[in-house]
Amino acid sequence: MSTFTGLLLIVLPVFLLVGCGYATVRFRAFPDKGIDALIAFATNIAVPALLFRAIYTLDLGAALDAGHLMAFYGGALVCFVGATLVSRMVWRRRPGESVAVGFSALFSNSVLLGLPIFERAFGAAAMEPVFALIAFHAPFCYLVGIMTMEFLRRDGLPIRVAMIRSAKAMFKNGLMLGIALGFLFNIGGVPVPGPVSDVIDMLAAAALPVALFGLGGVLTRYRMRAEIGEALMVSVFSLIAHPLLAYVVAAHVFALDDGFVRSAVLIAAMPPGVNGYIFAAMYDRAVGTAASTVLLATALSVFTTTLWLGFLGGGAFG
């Protein structure tokens, strides 16, 4: 078996499960309206349970590293600014539209794709740095996106009002609740009773398969639009520029251990997730481009993720 084939076999099952969700909904073997309930279960119950368990058992002293966070989030911020400026100057987008386009380059699909791919490539024991990144992902990205949008678009709310609404929305989110409770129980040393822990483990085991299947179902609702060039531009920032920046900063600026480098680079290499579309729809800006980007970048990431895994030395091959 060639190295590339071995790497592809790590990535492929994750995308095949997404494809299974897409095909069953597309050909009506699974009802489209059922996808909403499936996604609600995954994002409000199962994935929060997974994140709670991960953060609760996380060795915070070992997992949290300033250089690691700067490598990932610094790269994300550069890609956000870059995609926003290119959208504004090349495609002549209005300021608010440009921010919505840039947001897709900012927000990697860290949970639904990043977690299962990283675990398959490097094993469950290597996951701590990944969970450290994910703990700050949604707050950082939405804070940057909303603040920039409200400063630039002419019909925006006062920034104070927008930030209050954003904070309320984020902390009503199940993923944020799971992360916050995980930190509280971890720092406070609060014990979790055995039966409760068993329930959490069962929910966590269902989280990623259900979420991946649901993601495939959700993708049937989007279509490739005329904005294919702009979607490709965002894909380049997301799939190539972000992981490259993360690698340079993690490996050469901070000289981090392999575990931190791999997690920063591979999570950075994930395509834009549905959050990019949600953000664009929330402001009704560049919604078609956001939808096209989700589809195009997810398809391209089958190959780019395989190449990044090869670069990082992921997996064992016979």
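This is a short group-meeting talk about one pocket and the salt bridges in a predicted model.

Hi everyone, thanks for coming. Please keep in mind throughout that we are looking at a predicted model.

Let's start with the pocket. The second largest pocket in this structure has a volume of about 420 Å³. Its lining is made up of 21 residues, and those closest to the centre are Leu 50, Arg 53, Glu 119, Phe 131 and Leu 208. Several helices come together here: H1 (3-26), H2 (32-56), H6 (110-122), H7 (128-152) and H10 (194-219) each give two or more residues to the lining. Which of the elements gives the most to this lining? That would be H10, with five residues. As for chemistry, the lining has 17 nonpolar residues, one polar residue and three charged ones.

Now to the salt bridges. Searching the whole structure turns up six of them. I'd like to walk you through a few.

Remember Arg 53, one of the residues closest to the pocket centre? The side chain of Arg 53 meets that of Asp 201 in a salt bridge, at 3.5 Å from N to O. Asp 201 sits in helix H10 and Arg 53 in helix H2, so this pair ties together parts of the chain that are 148 residues apart in sequence. Are these two partners buried or exposed? The answer falls in between: Asp 201 is partly exposed, because its relative accessible area is 31%, and Arg 53 also counts as partly exposed, at 32%.

Helix H2 has another long-range contact for us. Asp 36 forms a salt bridge with Arg 221, and their closest N and O atoms are 2.8 Å apart. Asp 36 belongs to helix H2, while Arg 221 lies in the loop between H10 and helix H11 (228-253), so to speak a link between distant parts of the chain, 185 residues apart. With a relative accessibility of 43%, Asp 36 counts as partly exposed, and Arg 221, at 36%, is partly exposed as well.

Last one, and here we get a small group. Arg 94 pairs with Glu 97 in a salt bridge whose closest N and O atoms are 3.3 Å apart. How does Glu 97 count, buried or exposed? Glu 97 counts as buried, because its relative accessibility is 15% and the cut-off for buried is under 20%. Through shared partners, salt bridges join Arg 93, Arg 94, Glu 97 and Glu 230 into one network.

That's my tour. Thanks for listening, and I'm happy to go back to any of these residues on the screen.

How values were computed. Residues numbered from 1 in each chain as written. Predicted model: local features only at pLDDT ≥ 70, side-chain atom pairs only at ≥ 80, totals over all residues. Heavy atoms only, no water. 1 Å grid on protein atoms, 1.4 Å probe; cavity = no way out; pocket = protein on both sides within 12 Å on 5 of 7 lines; lining within 4 Å. Points joined across faces, edges and corners; volume = space filled by probe spheres on them. Helix = DSSP H or I, 4+ residues; strand = E, 2+ residues; numbered from the N terminus. Nonpolar A, V, L, I, M, F, W, Y, C, P; charged D, E, K, R; others polar. Salt bridge = Lys/Arg side-chain N within 4 Å of Asp/Glu carboxyl O. Buried < 20%, exposed > 50% of the residue type's maximum accessible area, 1.4 Å probe, protein only.
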